[in-house]
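Work through the exercises below with the model open. Try each task before reading its solution.

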Amino acid sequence: MTTLMATASTTATLALTRAEALAVDQIADALLPVAGGRIDDGSWQDMAALRCHDLPLGLRRRLAAYRRDPGITGVLLIRSLPVDESLLPDTPAISGSAQRTATVPAAALMLVTQALGFPIAFRAEKNGAMVHDVVPVPGSEEFQGNEGSAPLTFHNENAFHDHRPDHVLLICLRADHDQTAGLRTASIRQAYLTLAGEYRTILRRPEFVTSPPPSFGAAASEVRCHAVLSGAADDPDVLVDFSATRALTSEAALAMDELRSRFAEQAQTHYLRPGDLAIVDNRVTVHGRTAFTPRYDGRDRWLQRTFAVQDLRRSRADRTADGHVLEC
């Protein structure tokens, strides 16, 4: 078990062997024709949930260990997943892009997601697609989200939502031209060690509100007060989006600024290459992105993203027919 006395900050990494990568490729390939290749179909997801148990033993064991304890950084990198750049189409460059048809990389991503927990999606976000394209879109350069290319501030994914994901998974299909785009992460398990006691206390008060993005519409317009830190005194969870969370008091504002500074000091940058998968524990780790320059020539940076939760039942009232998509 990780404790806040830990000092090691190296991100946990698992590099698949050639045999393991081939095994993942074969399992993913076998999923392509299921349900006519419709990755959002419930029967496709059901088969992926079964076949994830056929993943290589070493990978399954590492995911099980991470699920129990994400470590001091809250990040797990898996390398050498089956991604063949020569087989990729042009990088999408339209708003709301998602992977609706099963491919080997998307299937491999979903197999890992199923092995880690239960995949979820949100109807208001890319119309409930299970696999999101994270790509730069012309005109959205400054957008604080998956379509931008300017620096993306640290945040918990869907911080405003009661049923936000426990884990965010990002697989790289294509790196940016200049290989300068980096996934930025920072863990409260590290930042908490250097955070003064007075700020720890203030951040546990319900003196913050986080606004939803416009894409979630009026159904998500109600904003409730919340604390930024919660849970165990010696191992708290964090809930913040530095572009959308507002402090309600001057003390709360100072504490949030201090937390931002501590995150900046502890931050790590991960330069993902094709076949690299980053898993971020959304309860203890915030993430963002460095800036990069897209060319919109079909060869821009292309990640694909999924979400996982540990307790699917908790959101049952918001999911039609016990599916994977939250309707609000």
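Four exercises follow, each with a worked solution.

This is a predicted model, in which local features need pLDDT of at least 70, side-chain atom pairs count only at pLDDT 80 or more, and totals for chains, interfaces and linings use all residues. Residues are numbered from 1 along each chain as its sequence is written, and side-chain values use heavy atoms, with hydrogens and water left out.

**Exercise 1. Place D90 and list what D90 touches.**

Solution.
- Start with the location: D90 sits in the loop between strand 2 (75-79) and helix 4 (104-116). Helices (H or I, at least four residues) and strands (E, at least two) are DSSP runs, numbered from the N terminus.
- Check exposure. D90 has a relative accessible area of 49%. Buried means under 20%, exposed over 50%, and partly exposed in between (1.4 Å probe, protein chains only). D90 is therefore partly exposed.
- Collect contacts (heavy atoms within 4.5 Å). Leaving out residues up to four places away in sequence, D90 touches R174, G298, R299 and W302.
- Look for a polar contact, a pair of N or O atoms within 3.5 Å; within protein, one must be able to donate a hydrogen and the other to accept it, and residues adjacent in sequence count only if both atoms are side-chain atoms. The side chains of D90 and R299 make one at 2.6 Å.
- Finish with the backbone: 8.1 Å separates the C-alpha atoms of D90 and D297, which are 207 residues apart along the chain.

**Exercise 2. Is strand 14 buried or exposed?**

Solution.
- Count residues: in strand 14 (residues 277-281), 5 of 5 are buried.
- Split the faces. L277, I279 and D281 are buried on one side, A278 and V280 on the other.
- Find the neighbours. Two strands pair if DSSP finds at least two bridges between them. Strand 2 joins strand 14 through 4 antiparallel bridges. Strand 6 pairs with strand 14 over 5 bridges, also in the antiparallel sense.
- Locate L277: I78 stands opposite L277, and I171 has L277 as its bridge partner.

**Exercise 3. Trace the open sheet of 4 strands.**

Solution.
- Write the order: 5-15-7-13, with antiparallel pairing.
- Mark the edges. Strand 5 (152-155) and strand 13 (268-270) each pair on one side only.
- Inspect one pairing: 3 bridges join strand 7 (residues 183-187) to strand 13. There, T185 has Q268 as its bridge partner.

**Exercise 4. Which sign does phi take at N127 and at N158?**

Solution.
- Recall the background: most residues other than glycine have a negative phi.
- Read N127: phi is positive, about 55°. N127 is in the loop between strand 3 (118-122) and strand 4 (132-134).
- Read N158: phi is positive, about 50°. N158 lies in the loop between strand 5 and strand 6 (167-174).
- Add burial: N158 counts as buried, at 8% relative accessibility.
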